[in-house]
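Trainee: Could you show me how to read the surroundings of a single side chain, and then those of a bound ligand?

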Amino acid sequence: MKKRINVQFAIISLVAILFTVGFATIVYYDMFRKEVIQSLKTYTHVLKNSGIFENDSVDDQLAVIDELRVTLVNADGTIAFESNADIGKMDNHSQRPEILQAASEGEGAAVRRSTTRDKNMFYYAVRLDNGQILRVAKEAESMISFWLSMLPFLAITLLCLLPLCMVLGHFLTRSIINPIEDMAQHIDEEGQKIVYKEMQPFIDTIQQQHRDIVKSSQIRQEFTANVSHELKTPLTAISGYSELIESGITTQEDSVRFAKEIHKSSKRLLTLINDIIRLSELDITEDIVQMELLNLYELAEKCVDMLQISAEKHEVTLILGGSQCMIRANREMMEELLYNLCSNAIRYNVPGGRVVVNVVRRGEEGILTVEDTGIGIPEEDQERVFERFYRVDKSRSKSTGGTGLGLAIVKHIVAKHQARIELTSKEGKGTRIRVILPR
Ligand code: ADP
């Protein structure tokens with residue numbers, strides 16, 4: 001980048017120098033031209049007024065102004081007098097621009113290459129009283145030779161200015177780039193001074209991304225640690241009980257009891273692994289979710305039917321209310337969401353309690369409510385219950401077959417459906433969870 005800026009800076013300087021020199025040449029040449037024409041005009045008038053063209057000894061008297069070429073042209077264009085060329089070789093001058101102009105307007109000027117002398121000439125012509133035209137010419141540099149004569153100065157200027165521009169460019173780019181490099185090195189430090197305010201959005205995005213990466217890596221680390229910990233408990237139990245049975249010292253009765261424990265722990269392992277696999281599936285399948293038109297009420301009905309036995313076991317009344325409601329959603333995910341919410345409402349309930357599942361349509365939204373009269377969630381835990389492995393009462397969760405992942409899965413499903421979830425709960429009174437789904 002530095003190199004590119006340096007090269008561009010050098011090119012800009014070069015173009016600027018060439019432009020300035022070119023423009024200056026045009027301006028100076030124009031001034032020079034006006035100056036020469038003006039002096040020719042003065043000479044011409046002085047000559048005209050001197051009256052030397054009225055006698056024959058013009059030659060002797062003109063010696064004084066040798067660097068000028070004086071021509072006297074007759075009204076028909078033939079040459080009456082010429083100071084610097086052979087009259088015999090000169091053609092008719094009636095069509096020369098300055099002569100034409102002088103013949104019609106009294107005075108005329110021109111700058112061109114002389115065919116007689118093959119040089120760049122400045123002409124000034126004036127009509128005499130007798131109809132002849134007196135023309136004074138001066139050899140002068142053309143624009144190109146004027147420009148060429150400036151080349152050495154141009155070369156010197158370039159030689160001096162280019163290195164200067166390059167050095168300046170180098171320092172300028174360094175002063176621009178250094179703070180950016182400095183910032184890049186400390187990009188993760190909050191509240192660092194931003195040198196260019198134009199870079200603020202860029203820095204904000206990078207810092208936000210950095211925070212997200214750090215956070216997600218922390219979550220991953222925590223998750224791995226939690227998973228290992230969760231798996232360890234049932235595995236330790238399985239290993240311990242099986243070792244006891246293996247030793248052959250246990251009674252028949254104990255062996256059956258231990259086998260039951262092994263069975264329970266392995267079932268727990270399976271549920272845990274299933275939930276973990278489900279979560280990582282939800283993590284991987286980014287945004288591509290197969291949606292279909294579903295009747296949310298029917299799904300809720302199926303779920304309620306399925307959980308009736310579990311509800312009875314917990315001495316909880318499970319009822320469904322509301323009306324038909326079509327939504328666009330993923331069937332499997334919706335079944336999972338319903339199951340997790342309803343089973344929680346049953347498991348964290350009290351004997352004699354109630355669970356009401358309700359489905360309603362509200363405008364462009366479908367609203368699913370699962371309300372229970374259970375133990376409720378303390379205020380300070382309400383935010384955190386959606387975190388992976390977060391449980392208010394670990395032993396209660398475990399004893400009812402919980403993994404601490406149910407609500408984390410629900411949260412994921414809700415996000416995948418661009419839905420919203422609201423939780424209201426009062427300890428000892430009950431919990432209400434509402435999922436608002438776009439239709
Ligand atoms: P778990 O498998 O432990 O039930 P969840 O992620 O489903 O895990 O829920 C997380 C925690 O939130 C539970 O352990 C429980 O403490 C609390 N919780 C969830 N639903 C309810 C509810 N309806 N009533 C009271 N507490 C609940």
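Trainee: Leaving aside its neighbours within four places in sequence, which residues is Asn330 in contact with?

Mentor: A contact here requires heavy atoms within 4.5 Å, and in this predicted model Asn330 is in contact, beyond those sequence neighbours, with Val289, Gln290, Met291, Leu294 and His417. Asn330 itself is found in the loop between strand E8 (326–329) and helix H8 (331–347).

Trainee: Is Asn330 buried or exposed, and where do the polar atoms of its side chain find partners?

Mentor: Buried means under 20% relative accessible area, so Asn330, with a value of 13%, is buried. A polar atom of the Asn330 side chain lies 3.0 Å from the backbone oxygen of Gln290, and a polar atom of that side chain also lies 3.2 Å from the backbone nitrogen of Glu332.

Trainee: Turning to the ligand, how many residues surround it, and which are the closest?

Mentor: The ligand is surrounded by 20 residues, of which Arg347, Tyr348, Ser397, Thr403 and Leu407 are the closest. By class, the shell divides into eight nonpolar, eight polar and four charged residues. H8 and helix H10 (406–416) each supply at least two residues of that shell, and the largest share, three residues, comes from H8.

Trainee: Which backbone atoms lie close to oxygen atoms of the ligand?

Mentor: A backbone N or O atom of Gly404 lies 2.8 Å from a ligand oxygen, one of Gly406 lies 3.3 Å from a ligand oxygen, and a polar backbone atom of Leu407 is 2.7 Å from an oxygen atom of the ligand. Taken alone, the ligand exposes 530 Å², and the protein buries 97% of that.

Definitions and conventions: Residues numbered from 1 in each chain as written. Predicted model: local features only at pLDDT ≥ 70, side-chain atom pairs only at ≥ 80, totals over all residues. Heavy atoms only, no water. Helix = DSSP H or I, 4+ residues; strand = E, 2+ residues; numbered from the N terminus. Buried < 20%, exposed > 50% of the residue type's maximum accessible area, 1.4 Å probe, protein only. Polar contact = N/O pair within 3.5 Å; in protein donor to acceptor, adjacent residues only side chain to side chain. Near = heavy atom within 4 Å. Areas by Shrake-Rupley, 256 points an atom, 1.4 Å probe, with all protein chains shown as cover. Nonpolar A, V, L, I, M, F, W, Y, C, P; charged D, E, K, R; others polar.
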